[in-house]
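Hi,

Here is the structure I promised to pass on. Have a look at it first, and then read on for what turned up in it.

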Amino acid sequence: MASSMLRSSRWNLKSLIQPWADIDWVLLLAVTVMTVIGGISIRSVELSSGGTNWIQHLVMGAIGLIIALWLARSRYEEVERWRWWIYGSINLLLIAVMLFGTTALGAERWLTIGNFNIQPSEFAKVGLIITLASAINQESISTLPRLFQVLAITAVPAALVFLQPSLGSTLVLGSICMSMLYWGNANPGWLALLVSPVISALLFNVYLPAWLAWVALMGFAAWKSLPWRIYGSLGAIVLNLTSGGLGKIFWDFLKPYQKARITMFLNPDQDPMGGGYHLIQSRIAIGAGELWGQGLFKGTQTQLNFIPEQDTDFIFAAVGEELGFIGSIVVLALFWIICLRLVSIAQSAKDNFGSAIAIGVLGMLIFQITVNIGMTIGLAPITGIPLPWLSYGRSAMLTNFVAIGLVLSVANHRQRLRF
């Protein structure tokens, strides 16, 4: 009788977890642990003010986890049928936020619905990943017409986000597109030519010999990768030679606060009490953490609120000060595990649609992680890009969990070898 009851309980447990039998539990555990670390870190920075963002962070993390588990048991292939509805919806939301959005820091980025603020630019990331994954699934990006089709799909939401203006989110959409183009079999030379004007504009104002070398390299890349070698090579050279002027035009188009963020990154000490204050205080906090950190809830920079936006953009500074080098390495290791699992799922997916989704999420996360941590330690300009699962942000949290849920579905429904 007892053995029968034991077998019955085991069967019930097995049937309960069966819908999630093949998901990547390491990936799910890593993002869950990261969310908890984020909640603890936000609690620490809010200790003196008595804020409750840490509670909202954990609540949204729990909701996001439920959504991810629901998506994991659903078949991700069904999403492809709705790709154009999803694409149209995100563009309509982006237009709505420009017309009716809440303004902050000189940008209209939030839609207020009841007591909640939603950030359409965050949801646009997942919407673009789904749309581009479907395009790659239908046909590889091995020809220039296919390349321009993908660029056109990306250009609409990217332009709408840029006009809000939100330069950081625009760059994230660009990184998603570039990573998925590469995975979709686009010629690497084409990808280099796509980003070449931006790099030329930067090099022109930094170091002229490097700029001339880059122009020559892009001419060679066009010669090797484009079907019309002579005209393509000449066009690439002319485009990169004139990119200095294009960079000037782009610079004039930026808002004052965006210009300040870029110039302060180059030399934050030129305005230590103004635009450079964030970077200076962040570096001081991370340096003060040393090897083991000052201890949880004991960071001087953190507890005395010397670091602005330390529960959002600069959450890594709080981690570095209170948990030290060791704690920072643990966080980086968790991000590395997440990225590694995404690559593994992309390689083992049963179709191009699922594989492209995983790579799109990978491109989105790598760019955000690199830029956020880079700006915190003074290696990148301040762009307002949150650190996934650590920074406070309800829309960003849900977006990241929806993205992970789709990837978990890819893993859960991939074909297995039977022996």
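Leu212 sits in helix H10, which covers residues 208-225. With a relative accessible area of 48%, Leu212 is partly exposed. If you want a partner to look at alongside it, try Ile237: the two are 25 residues apart in sequence, and their C-alpha atoms are 9.7 Å apart in space.

Please keep in mind that this is a predicted model. As for the overall picture, the protein has 18 helices and three strands. Of its 419 residues, 49% are buried. Among contacts with a separation of 6 or more, 70% are between residues 24 or more positions apart.

Now for the helix packing, where H6 is a good place to start. How do H5 and H6 lie relative to each other? The axes of helix H5 (residues 83-100) and helix H6 (residues 120-138) come within 9 Å and cross at roughly 150 degrees. An angle over 145 degrees counts as roughly antiparallel, so that is how H5 runs relative to H6. The crossing of H5 with H6 is left-handed. On the H5 side, the residues that meet H6 include Trp84, Tyr87, Leu93 and Val97, while the H6 residues that meet H5 include Phe123, Gly127, Leu128 and Thr131. Sorted by type, the residues of this H5 and H6 contact are twelve nonpolar, five polar and one charged.

H6 also packs against helix H17 (residues 352-376), with axes that come within 8 Å and cross at roughly 140 degrees. H6 and H17 are therefore oblique to each other, and their crossing is right-handed. From H6, the residues in this contact include Lys125, Ile129, Ala133 and Asn137, and from H17 they include Phe353, Ile357, Val361 and Met364. The residues where H6 touches H17 divide into nine nonpolar, five polar and one charged. Two H6 residues to look for in both contacts are Ile130 and Ser134, which appear on the H6 side towards H5 and again towards H17.

Next, a pair of backbone oddities. Most residues other than glycine have a negative phi. Trp389, although not a glycine, has a positive phi of about 70 degrees. Trp389 lies in the loop between H17 and helix H18 (394-412), and it is buried, with a relative accessible area of 2%. Phe297 also has a positive phi, near 70 degrees, and is not a glycine either. Phe297 is in the loop between helix H14 (277-289) and helix H15 (300-303). At 35% relative accessibility, Phe297 counts as partly exposed.

Trp389 comes up again around Thr35, a residue of helix H2 (residues 25-45). Is Thr35 buried or exposed? Thr35 is buried, with a relative accessible area of 5%. Setting aside neighbours within four places in sequence, Thr35 is in contact with His57, Leu58, Gly61, Trp389, Met397 and Phe401.

Finally, the cysteines, in case you were wondering. How many disulfides does the structure hold? There are zero. Cys177 counts as buried at 4% relative accessibility, and Cys339 counts as buried at 14%.

Happy browsing, and best wishes!

How values were computed: Residues numbered from 1 in each chain as written. Predicted model: local features only at pLDDT ≥ 70, side-chain atom pairs only at ≥ 80, totals over all residues. Heavy atoms only, no water. Axes fitted to C-alpha atoms, helices over the stretch in contact; angles between N-to-C directions. Helix = DSSP H or I, 4+ residues; strand = E, 2+ residues; numbered from the N terminus. Parallel < 35°, antiparallel > 145°, perpendicular 65-115°, else oblique. Left-handed = near helix turned anticlockwise from the far one by under 90°. Contact = heavy atoms within 4.5 Å. Nonpolar A, V, L, I, M, F, W, Y, C, P; charged D, E, K, R; others polar. Disulfide = S-S within 2.5 Å. Buried < 20%, exposed > 50% of the residue type's maximum accessible area, 1.4 Å probe, protein only.
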